[in-house]
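These are my notebook entries on one structure, written down in the order in which I looked things up. I began with a single residue and worked outwards from there.

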Amino acid sequence: MLVRFWGTRGSLAVAQTARSVRGKIARALIAADGRKFADEEAAAAFIDGELDFATGGTYGGATTCIEIEADGDGSFMLCDFGTGSREFGISAFSRIAQGHARIFNVFMSHLHWDHIGGFPFFGPAFDPNARIIIHSGHPDVEEAFRRQQEEISFPVAFDWMRAKIEFVHLKPGETYKIGGCDVDVMEQHHSHKSYGYRFTDRYGKTAVFSTDSEHKIDSMEGEEDVAAFFREADLVICDTMYSLADAVSMKEDWGHSSNIVAIDICHEAEAKRLALFHHEPIYSDEDIQRMHRESIRYEELTRREQPLEVLCAYDGLEVRL
Ligand SMILES: [Zn+2]
Ligand SMILES: [Zn+2]
């Protein structure tokens, strides 16, 4: 199974500014310390090998969109239609040109703007030969998609899209066979609810997509169901929007979780990898990198037996399970 992150930012898409790029270049020049590079390849090797990620790269700014590439029935498998789905659509077209099926199985965590806003810009939705099956725990999913394209908000109506678009209602607690994977569904704590999905491929590899869900550090006893859902997963993609300090102070009841709570639940579940996800739009690359490093330290301090590898998701990250 290959998991591709097309959008990792929470709540609102963000872009790097001229000022932030300037800061990265300045820090890179200082680190290079007058060194000369023969070509772009040599410079890239320096960036990858000697600069930290916040200097040499960026976590990115597109909102939630994750692709699960399993050796399944040949359809595309996608989680959420955040703004990252525009870029995914471009990639899908190039793979379709090489013979990939034009079938998309999409799993919706919920219907907030940052999770549906990429759909009007999703190229395959305009392809009359494409079939898009939108799976959701929400009975009002179709209404949400249609409403964001009403004339007052958007010039292209939902009915103008040429793909065959279907909506399928999934029930929490059930296991479905979709796209050649077993898909389990869990209801989560969030405004107007959200749903988590657990994908298991034919080789037994498991990825859990669990975003926009508030787990509270002082009510961990209530999190057994979540730990059971994450149980021994090869990868858990978890909403870790806030640092613990933010999560327990001013952002309590905002419907999101912290890096610390996510690590605690993953330890309880004996999961193998955690991807920090749904990054707070106010956080700079340096802030997110600091949170990632703190998360790794906290994991080492609280580890029981099996180590949990803590990744920090960024737009373009690929994780092979
Ligand atoms: Zn969100
Ligand atoms: Zn939300």
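Entry 1, one residue. I asked whether S194 is buried or exposed, keeping in mind that this is a predicted model. I counted 25 other C-beta atoms within 10 Å of S194, and because a residue with 20 or more such neighbours counts as buried, I noted S194 as buried. I then looked up which residues S194 touches, leaving aside those up to four places away in sequence, and I wrote down S109, H110, Q188, D212 and S213. I also checked the separation between S194 and F126, which lie 68 residues apart along the chain, and found 27 Å between their C-alpha atoms.

Entry 2, the strand and its sheet. I located S194 in strand β9, which covers residues 194-200. I found that β9 runs antiparallel to strand β8 (residues 181-188) and that 7 bridges join the two; in one place I could name the partners, since V183 is bridged to F199 of β9. I then traced the open sheet of 7 strands and recorded the order β7-β8-β9-β10-β11-β12-β13, with mixed pairing. At the edges I found β7 (175-178) and β13 (309-312), each of which has a single partner strand, so one side of each is left without a neighbour in the sheet. From one strand to the next, I noted that the twist averages 20°.

Entry 3, helices on the sheet. I saw that helix α9 (residues 259-269) packs on the sheet and touches β11 (235-239), β12 (273-277) and β13, with its direction at about 160° to that of β12. Helix α10 (residues 285-302) also packs on the sheet, where I found it touching β12 and β13, and its direction makes about 175° with that of β13.

Entry 4, the whole chain. I counted 10 helices and 14 strands in the chain. The radius of gyration is 20 Å, close to the 20 Å that the globule rule gives for 321 residues, so I noted the chain as being as compact as a globular protein of that length. I also noted that 42% of the 321 residues count as buried.

Entry 5, the domains. I found the chain divided into domain 1 (2-13 + 59-320) and domain 2 (18-56), with 31 Å between their centres, taken over C-alpha atoms. Their contact takes 4 residues from domain 1 and 4 residues from domain 2, and on the domain 1 side I recorded 2 polar, 2 charged and no nonpolar residues.

Definitions and conventions: Residues numbered from 1 in each chain as written. Chains lettered and ligands numbered in written order. Predicted model: local features only at pLDDT ≥ 70, side-chain atom pairs only at ≥ 80, totals over all residues. Domains from an automatic or database assignment. Contact = placed C-beta atoms within 7 Å. Nonpolar A, V, L, I, M, F, W, Y, C, P; charged D, E, K, R; others polar. Helix = DSSP H or I, 4+ residues; strand = E, 2+ residues; numbered from the N terminus. Rg over C-alpha atoms; globule rule 2.2 N^0.38 Å. Buried ≥ 20, exposed ≤ 12 C-beta atoms within 10 Å, placed from the backbone. Pairing = 2+ DSSP bridges. Axes fitted to C-alpha atoms, helices over the stretch in contact; angles between N-to-C directions.
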